[in-house]
Amino acid sequence: MRHLISPLDLSLEEMDYILTLGQKIMEEPEKYAHVCDGKKLATLFYEPSTRTRLSFEAAMLNMGGKVLGFSSADSSSAAKGESVADTIRVISSYADICAMRHPKEGAPTVASMYSEIPVINAGDGGHNHPTQTLTDLITIKTLMGRLDNLTIGMCGDLKFGRTVHSLINAMVRYTRVRFVLISPKELQIPEYLRKEVLDAGKIDYIETNELEKYMPDLDILYMTRVQRERFFNEEDYIRLKDSFILDASKMQYAKEKMYVLHPLPRVNEISTEVDKDPRAVYFLQAKYGVYVRMALILSLLGLDEKKIFKDSV
Ligand code: CP
């Protein structure tokens, strides 16, 4: 049985298999309409979510499966003090696979230790968000046609943004990938990522607080919101929240084929005037998230294409 807790739980080959399957599903979604008939997905969300929870649910429903779950800790027995370990033991007998979001880093890892079904980390604190990474990768691969030889700008809250941490961990495995890390000093990437991933891997990167200066170099600009819920005091959040706002005037500096991604939700960091720029692909990215989660569910349930289509052809 496999779980997905960190993007590094998948080898490059497995990652490529899931992305390619996601692209096949994108082209012919109707072909996959019954491949999960009789299967159930549990969504255990102890923290708010729109895209991740609903795209997981859409993914399972699109494949003929069913969904159950909760969307806040308050509406589960966590509010009465139940542990993650006990919850997953119970859910293991209700569903075939589960996606868990939790404010505590490591909670999905704990769940995976007690689970009898595959556990997917749908975001744990400021740590990891591997299915957002799969979403980001399928978007880049589909639009750019490659995952190597790219200059990727990451802008905003690089300290608390778990999507940034997961994406860096995944992208360093591809060749000739260069990072431009754009943030206020207080919101730079965590030290472990700088030392253990970027420096140790001899990855080409710079840290800066100048967005316009580096715009012409970028193939991808990955914008992120400042994560209010992870700040210890409101004053710091207010001081830093509007550090970078991408607007039409800044887009003028970008290449004709530079794509703007954002995991969403957006607050102020991308002006709505950018939405009509064909290079703004964050809503398309959210759509692609359904296809890649369909591919992931199939993969973790051990339903490869040979198996799922053998009875129907
Ligand atoms: N990108 C993302 O994780 O969005 P949600 O918080 O809405 O799930």
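Here are five short exercises on the structure above, each with a worked solution.

This is a predicted model, so local features need pLDDT of at least 70, side-chain atom pairs count only at pLDDT 80 or more, and totals for chains, interfaces and linings use all residues. Residues are numbered from 1 along each chain as its sequence is written, and side-chain values use heavy atoms, with hydrogens and water left out.

**Exercise 1: the nonpolar core**

Find out which helix gives the largest share of the largest nonpolar core, and where this core lies relative to the two domains.

Step 1. Start with the term: a nonpolar core is a set of buried Ala, Val, Leu, Ile, Met, Phe, Trp, Tyr and Cys residues joined through side-chain atoms within 4.5 Å. Buried means under 20% relative accessible area, exposed means over 50%, and partly exposed is in between (1.4 Å probe, protein chains only).

Step 2. The largest core has 65 residues, and those touching the most other members are Met-154, Ile-168, Met-171, Phe-179 and Leu-298.

Step 3. Helix H11 (residues 282-300) supplies the largest share, 10 residues. Helices (H or I, at least four residues) and strands (E, at least two) are DSSP runs, numbered from the N terminus.

Step 4. Domain 1 (7-128 + 289-308) and domain 2 (130-286) both give residues to this core, so it lies between them. The domain bounds come from an automatic or database domain assignment.

Step 5. Keep a general rule in mind: in soluble globular proteins, nonpolar side chains tend to be buried together.

**Exercise 2: the surroundings of Phe-70**

Work out whether Phe-70 is buried or exposed, and list its contacts beyond four places in sequence.

Step 1. Locate the residue: Phe-70 is in strand E2 (residues 66-70).

Step 2. Its relative accessibility is 14%, so Phe-70 counts as buried.

Step 3. Contact means heavy atoms within 4.5 Å. Leaving aside neighbours within four places in sequence, Phe-70 touches Thr-43, Leu-44, Phe-45, Tyr-46, Arg-53, Ser-75 and Ser-76.

**Exercise 3: three salt bridges**

Describe which parts of the chain are joined by the pairs Arg-2 with Glu-14, Lys-141 with Asp-16, and Arg-239 with Asp-236.

Step 1. A salt bridge is a side-chain nitrogen of Lys or Arg within 4 Å of a carboxyl oxygen of Asp or Glu. The structure holds 18 salt bridges.

Step 2. Arg-2 and Glu-14 meet at 2.6 Å, N to O. Arg-2 lies in the segment before helix H1 (12-27) and Glu-14 in helix H1, so the pair ties together parts that are 12 residues apart in sequence.

Step 3. For Lys-141 and Asp-16, the closest N and O atoms are 3.2 Å apart. This pair links distant parts of the chain, as Lys-141 sits in helix H5 (residues 130-144) and Asp-16 in helix H1, 125 residues apart. Lys-141 is buried at 17% relative accessible area, whereas Asp-16 is partly exposed at 36%.

Step 4. Arg-239 and Asp-236 form a salt bridge at 3.3 Å, N to O. Both lie in helix H9 (residues 234-240), three residues apart, about one turn of the helix.

**Exercise 4: the five-stranded sheet**

Give the strand order of the sheet, then name its edge strands.

Step 1. Two strands pair if DSSP finds at least two bridges between them.

Step 2. The five strands form an open sheet in the order E7-E6-E5-E8-E9, with parallel pairing.

Step 3. Strand E7 (204-208) and strand E9 (259-261) are the edges, since each pairs on one side only.

Step 4. Look at one pair: three bridges join strand E8 (residues 220-223) to E9, and Leu-221 stands opposite Val-260 in E9.

Step 5. Add a helix: H5 lies across strand E5 (150-155), E8 and E9, running at about 170 degrees to E9. Axes are lines fitted to C-alpha atoms, for helices over the stretch in contact, and angles run from 0 to 180 degrees between N-to-C directions.

**Exercise 5: backbone exceptions**

Explain what stands out in the backbone at Asn-149, at Leu-264, and at the bond from Leu-264 to Pro-265.

Step 1. Recall the usual pattern: most residues other than glycine have a negative phi, and most peptide bonds are trans.

Step 2. Asn-149, in the loop between H5 and E5, has a positive phi of about 55 degrees although it is not a glycine.

Step 3. Leu-264, in the loop between E9 and H11, also is not a glycine and has a positive phi of about 65 degrees.

Step 4. The peptide bond from Leu-264 to Pro-265 is cis, with omega near 5 degrees.
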